[in-house]
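Visitor: I would like to learn how to read charged pairs and enclosed spaces in a model such as this one. Could you take me through them, one feature at a time?

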Amino acid sequence: MKARNAQGKLQKTLTGGVPIALAGASLIALGSGALWWPAKSMLCVSDLHLGKSERYARAGGATLPPYQTQGTLLKLESDLDAYPASTVICLGDSFDHPQAPSELAKDDRLWINRLQAGRDWIWIEGNHDPGPLDIGGSHRTTLSVHPLFFQHIAAPDHNGDIMGGEVSGHYHPKARLKTAARTVSRACFLLDRQRLILPAYGTYTGGLHSNHSQLQALMGAGAVAVLTGKTPQIIPMPRSGTDR
Amino acid sequence: MTKLPAQFSDWFATRGWSIHDHQQQMLDKADAAALLLIAPTGGGKTLAGFLPSLIDLAAAPRQGLHTIYISPLKALAADIKRNLSTPVTEMGLPVRIEDRTGDTSSSRKRRQRADPPHILLTTPESLALLISYEDAPRIFAGLQRIVIDEIHALADSKRGDQLMLAVARLNALCPTARRIGLSATVDDPKAIAQFLTRSSDSCHILNADPGPKPDIAMLDIAAPPPWAGGGAAYAIQAVLEQIAQHKTTLIFHNTRAQAEIFFHKLWLANAQSLPIGIHHGSLDRVQRDRVEAAMVRGELRAIVCTGSLDLGIDWGNVDLVVQIGAPKNVKRLVQRIGRANHSYNTPSKALLVPANRFEVVECLIALRAVESHSLDGEARGRGPLDVLCQHILIIACAGPFDPDTLFEQTRQTGAYHDLTRDEFDACLDFCATGGYALRAYDRWQRLMIDPDGRYRLRDPRSAARIRMNIGTIQDTDTLKVRLQRNRGGKPLGEIEEGFAATLSKGDTFLIGGQVVRYEGLREMTVEVSRQANKTPKIATFMGTKFATSTQLSAGILRYFERNDWTDLPRHTAEWLSLQQRVSRLPQADKLLIETFAHEGREYLCAYGFAGRNAQQTLGLLLTKRMEELGQNPLGFVATDYATLVWGLTTVTDPAALFERQALEHGFEDWLSGNAVMKRTFRASATIAGLIERNLPGQRTSGRQATFSSDILYDTLLKYDPDHLLLAITRTEAMRGLIDFERLREMTQRIAGHIDHIRLPRISPLAAPLLLEAGRVPIAGAAQERLVAEAAARLMEAAGLTT
């Protein structure tokens with residue numbers, strides 16, 4: 001119970017943001033991996049993957065540290081403290097499997113309720129959490145808020161002029177940057193003229209490098225990557241190198 | 001005295017042999033509960049170990065397993081099988097001998113479980129797997145003798161700890177089975193004996209005649225060694241001449257990368273086309289087998305190798321051992337020298353080749369230590385708890401177990417004799433539930449408790465997963481290298497994933513002595529083509545880097561005090577004089593610190609002589625203090641004698657950084673956040689079963705795994721700082737990669753005396769450090785600054801604005 005008592009003392013880390021624009025909407029890509037849309041007072045996060053460690057343990061594997069939900073919610077809480085959104089969009093794969101919401105510990109469920117209080121909360125379905133979920137908030141397959149369109153997986157044939165700028169998640173993109181001293185690899189946003197892909201926000205998530213063929217195919221010429229981290233940085237989307 | 005039965009003495013006679021004294025003594029003491037034989041290589045050590053078993057089986061033929069033999073190398077098990085077959089066949093003994101290793105086919109393994117041979121030759125990992133089966137009691141019923149070969153090599157590692165826990169299990173199944181250890185010359189036989197023996201038994205130690213003193217010297221080379229570097233390229237010609245003058249030469253290197261480079265250069269200079277091969281742990285098994293077979297057939301004049309040939313098959317025709325680079329440790333040097341001339345009565349011949357001028361000094365000190373027979377040894381630590389966790393899971397695979405009994409068994413194992421019940425229970429709890437302060441997993445625990453208090457696997461599927469992950473050897477994440485498929489797809493070996501990630505199409509690197517061109521990555525395989533005409537980028541291999549022993553380091557510092565270097569080659573003596581002129585030589589009771597600017601960076605060099613690991617820790621502590629003081633450190637590199645830190649800001653008062661209380665105070669805080677701890681955690685978490693490297697149906701690489709060990713580490717540190725695995729990580733790091741003990745020893749030795757010299761340029765002693773591999777980056781303010789700069793440059797170059 002020690003960790004729980006210590007919860008109040010755990011440090012919330014504040015990160016900065018990089019202003020970006022998509023289909024005429026002015027947005028801020030936060031270093032935490034969340035997307036802030038000031039004009040609509042909306043905060044969007046993707047791929048929380050809550051409940052992933054439980055699935056792992058259930059398959060006869062090792063019992064991973066049961067702090068994944070706490071870690072992710074704490075991060076979300078500090079973002080909401082800094083950007084008091086009136087609407088929160090969870091852009092799919094919020095839960096690692098459809099049963100995960102009902103398996104949440106009571107305290108974690110209360111914590112989510114607390115974060116939801118006083119704001120609209122929209123769960124968009126992902127490939128890991130399709131269909132109705134046992135948790136409060138509205139549940140949607142996609143969401144349109146002019147001029148943006150939110151869905152979990154980017155549509156390869158998406159046409160920005162008709163649908164509006166597309167915001168998606170799913171791929172957990174990350175990118176490498178060569179500095180004067182060494183190469184760093186960080187989770188990142190990917191942005192081109194009609195599409196934005198969010199990094200995974202959850203604690204226990206891996207990633208796909210920006211030079212992977214699938215991401216290459218999705219992102220148009222002139223795409224940029226916003227590296228997450230304490231001071232987020234915008235760079236041209238790295239496209240060459242090892243394909244992994 | 002136990003007389004050798006006629007059948008055996010006749011056989012000895014037909015070969016023209018007589019029984020060695022130590023072989024006779026082994027027979028006399030055959031009934032001892034534990035017996036340790038210390039003998040040099042070539043002394044008939046293995047036969048001494050097996051003689052009692054063969055005599056026993058000849059006198060009373062029987063069914064079932066009689067003797068189990070464990071060696072650290074698969075190849076050794078196969079070799080022993082061949083060697084033992086000769087007396088067994090020639091005397092017509094009713095004895096069946098089989099080996100069982102990772103290379104044995106699964107059908108054969110199944111048959112061995114149903115119908116075990118009389119003598120089973122295996123490795124620690126295969127034994128651990130055997131005891132995990134439900135039918136282990138039946139397989140091992142009637143076991144009489146447990147022979148552990150090269151026990152000195154196993155006693156230094158977690159493989160040994162795992163082995164002795166498995167042996168304790170064997171003794172629980174067969175209380176009368178005797179333990180026999182076979183060891184090369186070691187500094188402290190008593191420590192090995194304790195490692196071998198049940199806590200309640202005592203051990204007889206037999207010392208064989210050590211044989212004649214080795215003939216060992218520094219290779220005399222006309223050209224001076226370079227100021228810096230580890231390649232010893234200057235010695236290529238001289239080494240070739242030595243190869244030509246001897247029948248077969250083993251050329252030992254300390255790292256795989258150096259072996260590759262040396263081999264490449266050796267062939268470029270090999271005008272006579274002497275047949276020379278290469279052998280190291282990153283080469284494909286097929287390649288290594290081919291080299292070993294050619295060696296056995298006597299077709300090779302030399303093999304360039306690493307620790308992969310420290311142990312192993314006796315090649316009687318090796319008449320010279322060459323050690324490239326400083327040996328770091330006198331004990332290992334002696335064992336390597338023993339690889340030459342495996343006949344008992346001729347001295348082993350060895351030549352040391354220092355790779356740079358500093359190593360000339362180290363080689364000189366090592367030579368004297370070999371002459372005076374003063375071997376160095378670091379005290380063996382307590383049995384590691386991550387290995388115990390794995391053992392508990394292995395035992396659970398075999399069936400329900402009683403924790404009290406397992407606790408008692410564990411305490412019978414030398415390394416765990418002072419294990420407390422609390423420690424054991426913490427390991428048990430970790431295996432059962434994860435051992436977290438927050439008990440959220442009661443539904444999914446790994447072990448459950450029966451009403452009678454016994455523990456069992458909750459899910460039988462776990463057994464398969466646990467068995468797939470048995471072992472304590474940590475390979476770094478590597479990728480296989482193959483020639484591109486349309487050219488035959490020949491496997492060449494492995495490179496580290498981190499290195500592979502830096503390659504772009506067209507880059508070249510060395511593997512197995514050839515230059516290859518990176519073509520691309522297909523699934524988990526690096527595809528390459530042959531490229532003979534390019535200067536290679538160099539493959540990096542982790543390998544194990546040993547720290548120079550305390551004894552050797554102290555010897556070097558003592559030597560520096562003499563001011564008389566006439567016994568050193570002139571070039572090295574001159575180099576030391578130059579250092580003395582432009583700066584100062586390090587001393588045992590002071591810490592020499594040089595600061596200087598070099599190519600736009602600010603450097604600080606601290607000569608602690610505390611060994612690579614402690615110097616690395618010093619680097620971490622120093623950079624942390626510098627970060628706090630806003631001195632913008634960017635990174636550091638450590639060698640056995642110094643730490644070199646670089647950054648963006650000049651350090652004017654290094655003494656403030658070194659204040660002992662501040663160093664020790666910062667330790668705990670610092671300990672949590674650094675890369676070395678994460679690496680240590682990763683290893684322990686894998687051994688303890690939190691991270692599964694192998695999953696049913698796939699072999700994942702660290703990077704493919706769905707979450708990284710770093711995330712688990714950060715999570716535990718934040719929410720569960722007292723967790724067992726973090727405690728294990730701290731203990732491991734303190735004596736392993738962190739080696740805080742030696743750092744403390746250093747701070748006591750210098751007692752606050754800091755000798756700071758500001759130099760106009762880099763000093764002769766510091767220069768080699770610039771070329772050292774293994775630079776540790778610091779992810780601090782300076783890095784954020786560089787990331788921002790690099791990002792801005794790229795955006796500008798791409799014509800993009802934000």
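Guide: In this predicted model, Asp640(B) forms a salt bridge with Lys328(B), and their closest N and O atoms are 2.8 Å apart. Asp640(B) lies in the loop between strand 23 (633–638) and strand 24 (643–647) of chain B, while Lys328(B) lies in the loop between strand 12 (318–324) and helix 14 (330–337) of that chain, so the pair ties together parts that are 312 residues apart in sequence.

Visitor: Are Asp640(B) and Lys328(B) buried or exposed?

Guide: The general idea is that side chains of opposite charge can pair when their charged atoms come close. Here Asp640(B) is buried, because its relative accessible area is 4%, under the 20% cut-off, and Lys328(B) is buried as well, at 11%.

Visitor: How many salt bridges does a search of the whole structure find?

Guide: Over all chains the search finds 34. One of them joins the side chains of Asp135(B) and Arg138(B) at 3.5 Å, N to O, and Arg138(B) is partly exposed, with a relative accessible area of 45%. Salt bridges also link Arg96(B), Glu98(B), Arg111(B) and Asp115(B) in a network.

Visitor: Which helices of chain B each supply at least two residues of the lining of the largest cavity?

Guide: Helix 16 (385–398), helix 19 (461–468) and helix 26 (675–688) of chain B do so. That cavity has a volume of about 80 Å³, and its lining, which includes Gln390(B), Arg465(B) and Glu692(B), divides into three nonpolar, four polar and three charged residues.

How values were computed. Residues numbered from 1 in each chain as written. Chains lettered and ligands numbered in written order. Predicted model: local features only at pLDDT ≥ 70, side-chain atom pairs only at ≥ 80, totals over all residues. Heavy atoms only, no water. 1 Å grid on protein atoms, 1.4 Å probe; cavity = no way out; pocket = protein on both sides within 12 Å on 5 of 7 lines; lining within 4 Å. Points joined across faces, edges and corners; volume = space filled by probe spheres on them. Helix = DSSP H or I, 4+ residues; strand = E, 2+ residues; numbered from the N terminus. Nonpolar A, V, L, I, M, F, W, Y, C, P; charged D, E, K, R; others polar. Salt bridge = Lys/Arg side-chain N within 4 Å of Asp/Glu carboxyl O. Buried < 20%, exposed > 50% of the residue type's maximum accessible area, 1.4 Å probe, protein only.
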